[in-house]
Amino acid sequence: MSTAVPAPPAVELSQASIARRETLGQLARSKTFITGAIIIAFWVFCAIFGTKIAPHDPLDQSFPQLLGLSRTYPFGTDQLGRDVFSRVLAGAHDILIIAPLATLLGIVGGTIIGLVTGYFRGVVDDVVSRVVDAVLALPLIVIAVTVLVGLGHSTLTVIVVIGLVFTPIVSRTVRAAVLAERQLDYVAASKLLGERAPYVMFVEILPNVMAPIVVEATVRLGYAIFAVAGLTFLGFGVQPPSPDWALQIADNYTLLNAGTYWWTVLFPALAIISLVVAVNLVADGLARVLSR
Amino acid sequence: MTEPAPTLEIRNLDVVYRVRGRDRKILREVSLTISRGETYGLVGESGCGKSTAALAVVGYLASNGRITAGSIRVAGQDVVGLSGGALRHLRANDVSMVYQNPGEALNPSIRIGDQVAEVFRIRGAERPQALEQAEKALARVQIADPGSVLGRYPHQLSGGMQQRVVIAMALAKDPALLILDEPTTSLDATVEAEVLDLIQQLRSEFHTSVLFITHNLGVIAKMCERVGVLYAGRLVEEGPVKTILNDPRHPYTVGLLRCVPRGGTRKDRGRLDTIPGFLPSIDQELRACVFADRCGLAQEVCRTDEPPLYRITADHASRCHFHEQAQELPRATPEELGQPLAVDRSGTPLLQVDDLTKVFEQQGRHIHALEGVSAALWPGETLGLVGESGSGKTTFARALLGLVAPSRGTVQLDGRSLPPRLSLRTQQDVRVLQIVFQNPDSALNRRHTVRRILRRSLKKLASIAGGALEARLLKLASSVRLAERYLTARPKQLSGGLKQRVAIARAFAGEPRLVVCDEPTSALDVSVQAAILNLLVELQAQRRVAYIFISHDLGVVRYISDRIAVLYLGRLMELGPAAVVFDGPHHPYTEALLSAVPTIDGGGRARIKLAGEIPSAAAPPSGCVFHTRCHRNLGEICENEEPPLVEVEDSHLMRCHIPIEELRKLQRKGSTAMAPPTPSPPTSAAPLPASSS
């Protein structure tokens, strides 16, 4: 076809933005995604401004103990006389720092390992794959508790331990995507330009496997929140006096025996559930739109 | 006078697809009639609405598609708007469809027997009886040993066998109408020929009417009685196949026919003609002639008045105001090339390959993909590489480029040995050997813009950086006729032809001296193919670049190649100047390949049927590897002794026990001399030993 030909309408050129807008449009139309996103946005807002918007100081112990639901204390008070409602609003702060950082660490590590093993195959791949199998055989909490007992607990250790446990799991997803990509001719073409392996992996292949990585990241975030809450409950995660949700449950769950002080546990538990469910809704929505 | 109703009668059919909230017209007032036992071909480039027409007939339009006007009658019964039981009845009894990719048409997790038997079970047969009938159905499509095929899964069959199974299922119910949607496009030429023969034979046996959809004019010439040419959803010309091919009366048909290299045309005789422009996008409102924008004959009236259907003869009609002048359509591409294309073979060859061998190891088996191939190539020359899939063409190319390290043998550039692996070669050597891949979708990174792809290749291959880069980029883009506005686009936004131009530009970024073209046009429409071939020839004339051109389209190979190498099971069977290899005397394998290709001009060669399919490269046959399928098998010597590759005449190499003079005699007499092709030798997955006389 010669260039003397009248150009097809300029519509074609704006199609890059159309494509991007279409992906966003599909997300915006996905009720799953929107519901999850709204809930997460709410908790992120609370994590930042929780102490400011809360009716009382979440750490203030000067209120009457174990009051039921009332206008002044919408979710009642706990056994130390703290306002449960204020503590729920402020309680997202620590978990929303630790869980995303742990996820980020796992995703970055997993992506690098997945790219390397998927691209080079061979011995490295075999060894790493067996390590992944080994890690998957042990429950996350067991590994984490063992390490935290051994090294002593700090927030940084929690992040590193969860991140390191996620790394091989993420690497497996990335590796599978890379195995499919490396068969495509553009990889051979870029080798024929004389590109080195790191360039091929990170500049050529990586952008094409971002979709599964993004989905995996959201799924992992859900698990990370879950793991941090579990460790905190066991006493290895967030430390008092933080108003963290899992910490509240740990502080008050013994009261459930008496049966009457349910509000001290129910509201923080609902908060954790809502956050984990919301993250999973977002993951579902993303997976449906991106994996096409 | 009670004439039976035609099998298919489509009247003024309009089909729209709803895209982003608006109805887009895909078919415009299409009318066609297929009478009983007739084969009707529907041609046109991709996006013309061929498949939509077929899907409308079986009520299988995508959920956003609908028929807005017109009628479709199958054997007199109106099928528009059928639903539920009536539609199922139509699909179960009256109309069958065979799709392009048999691998996708079969359910991978159900045994062949049960899949075929389903056709009978739907009509009430019990499982044992249905299986029995299924076996008979497979036997009818000439599958040897149908009993064992019943128990296999689709992935255990070759592509040709799979397509036979699909056809068996389609014909099992003895339909009034059989719709074939590009049934052989994904098959090798030799397998394609067998499937086409089979369809032809079954058609006469069953008196089924056939709607044959294809973009391949050669297949149309071979298979069809009448042809309809579809363009932008409108039937622009219709008539008997001979008339359409020899006396076309619509400029689009004329253009299509000119795009195809035929009758032994070669690049030194001039460029191929092309059809300028693009198919109108579905967003465009088309009020007047749909082809006016791309037509060299278009006048004012073409842009204002919709041409009616002009009757040229009783059965030949064209939708063109100027149908009488259609054949005087001016060329869209000038014929002269400007530069001469002579090859000088006196100096050191640019590339010299010696004893190149590649053995892959796969689950303990040794796959001999390439076995002792030697060849040389001089600057400005094109070596065509032909052979069925599995013959080692791609492995050969990849070994040259260093993408796979050969097990044995050397590749020399200007008389200097190249390291076997790409990673060990210097940037200078990397620059010199480049490739254009078959599938531009796979070959271009879909996340990068055209600008980024080309900038990077200039940087790496031409070592240009900084301010000079942009200027060179524009120069490079214009050398492959890629308009500047496409530089910001990503591959997905480009048409197949434009994508292939980007891929060619990348290969030419650093003044390559040898470019491997691995079926660069097989994913493209014929008009785009012509433009890409012209571009390759121009670049060759300007830059003296050499090509290794891999293709299964022998017309294309003949057009562009100076010499041809024929590969079979990784071995070089024949190597010689293009004209000699094509005109003969040729190797029996070449002879069979050539006879398999349906040509627009038809006839000429008697069909030579190859027995069975290409044997596994893990266990190549003893003696001459081709003896299991050879129609000129001499018996013992061929079975036990591998013939050497010898120069049988000036610069013509061949690997055959039969002396060249003998071949010349045999091939002049016609192929029936030694092994009369029985009407239908059964084929099976395992190669059958050819009967030696």
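These are my notebook entries on a predicted model with chains A and B.

**Entry 1: chain A, overall build**

I began with the secondary structure of chain A and counted 12 helices and 0 strands. Read from the N terminus on, the elements are α in every position, α-α-α-α-α-α-α-α-α-α-α-α. I then looked up the radius of gyration, which is 24 Å for chain A, well over the 19 Å that the globule rule gives for 292 residues, so the chain is more spread out than a compact globule. The box filled by the C-alpha atoms of chain A, taken along the principal axes, is roughly 85 × 50 × 25 Å. Of the 292 residues in chain A, 45% are buried. I also checked how far along the sequence the contacts reach: among those in chain A between residues at least 6 apart, 71% join residues at least 24 apart.

**Entry 2: chain A, confidence**

Before going further into chain A I looked at pLDDT, whose mean over the chain is 85, with 92% of the residues at 70 or more. Where in chain A is confidence lowest, and where is it highest? The lowest value belongs to helix α1 (residues 15-29) of chain A, with a mean of 73, and the highest to helix α9 (residues 197-205) of chain A, at 95. I made a separate note of residues 1-14 of chain A, over which pLDDT stays under 50 and for which the model has 26 contacts beyond four places in sequence.

**Entry 3: helix α10 of chain A**

I picked out helix α10 (residues 210-234) of chain A, whose 25 residues reach 35 Å from the first C-alpha to the last, close to the 36 Å expected at 1.5 Å a residue. Is α10(A) largely enclosed by the rest of the structure or left open? I found 18 of its 25 residues buried, so α10(A) is largely enclosed by the rest of the structure. The residue that follows α10(A) is A:Gly235, and its phi is positive, near 95°.

**Entry 4: chain B, overall build**

Turning to chain B, I counted 24 helices and 24 strands. For its 693 residues a compact globule would have a radius of gyration near 26 Å, and chain B, at 26 Å, agrees with that. Its C-alpha atoms fill a box of roughly 80 × 65 × 45 Å along the principal axes. Buried residues account for 52% of the 693 residues of chain B, and among contacts between residues at least 6 apart in sequence, 69% join residues at least 24 apart.

**Entry 5: the mixed sheet of chain B**

I traced an open sheet of 8 strands in chain B, in the order β6-β7-β8-β3-β9-β10-β12-β11, and its pairing is mixed. Why do β6 (95-98) and β11 (310-313) of chain B each have one side without a neighbour in the sheet? Both stand at the edges with a single partner strand, so one side of each is left without a neighbour. From one strand to the next, the twist averages 20°. At the β6 edge I looked up the pairing itself: β6(B) and strand β7 (residues 177-181) of chain B run parallel and are joined by 4 bridges, and B:Met97 has B:Ile179 in β7(B) as its bridge partner.

**Entry 6: the antiparallel sheet and a hairpin of chain B**

Another open sheet in chain B has 4 strands in the order β2-β1-β4-β5, with antiparallel pairing. Its edge strands are β2 (22-34) and β5 (77-78) of chain B, each of which pairs on one side only. Strand β1 (residues 8-19) of chain B is joined to β2(B) by 9 bridges in the antiparallel sense, and the bridge partner of B:Glu9 in β2(B) is B:Thr33.

I then followed strand β13 (residues 351-362) and strand β14 (residues 365-377) of chain B, which pair antiparallel over 9 bridges. The two form a hairpin with 2 residues between them, and B:Gln363 in that turn has a positive phi of about 45°. B:Gln362 stands opposite B:Arg365 in β14(B).

**Entry 7: B:Glu649**

My last lookup was B:Glu649, found in strand β23 (residues 646-649) of chain B. With 13 C-beta neighbours inside 10 Å, B:Glu649 counts as partly exposed, since the exposed class ends at 12 or fewer and the buried class starts at 20. The C-alpha atoms of B:Glu649 and B:Ile660 are separated by 8.2 Å, with the residues 11 apart along the chain.

How values were computed: Residues are numbered from 1 along each chain as its sequence is written. Chains are lettered from A and ligands numbered from 1 in the order in which they are written. This is a predicted model: local features need pLDDT of at least 70, side-chain atom pairs count only at pLDDT 80 or more; totals for chains, interfaces and linings use all residues. Two strands pair if DSSP finds at least two bridges between them. Axes are lines fitted to C-alpha atoms, for helices over the stretch in contact, and angles run from 0 to 180 degrees between N-to-C directions. The radius of gyration is taken over C-alpha atoms; the globule rule is 2.2 Å times the number of residues to the power 0.38. Two residues are in contact if their C-beta atoms, placed from the backbone, lie within 7 Å. The expected span of a helix is 1.5 Å times one less than its number of residues. pLDDT is the predictor's confidence in each residue, from 0 to 100.
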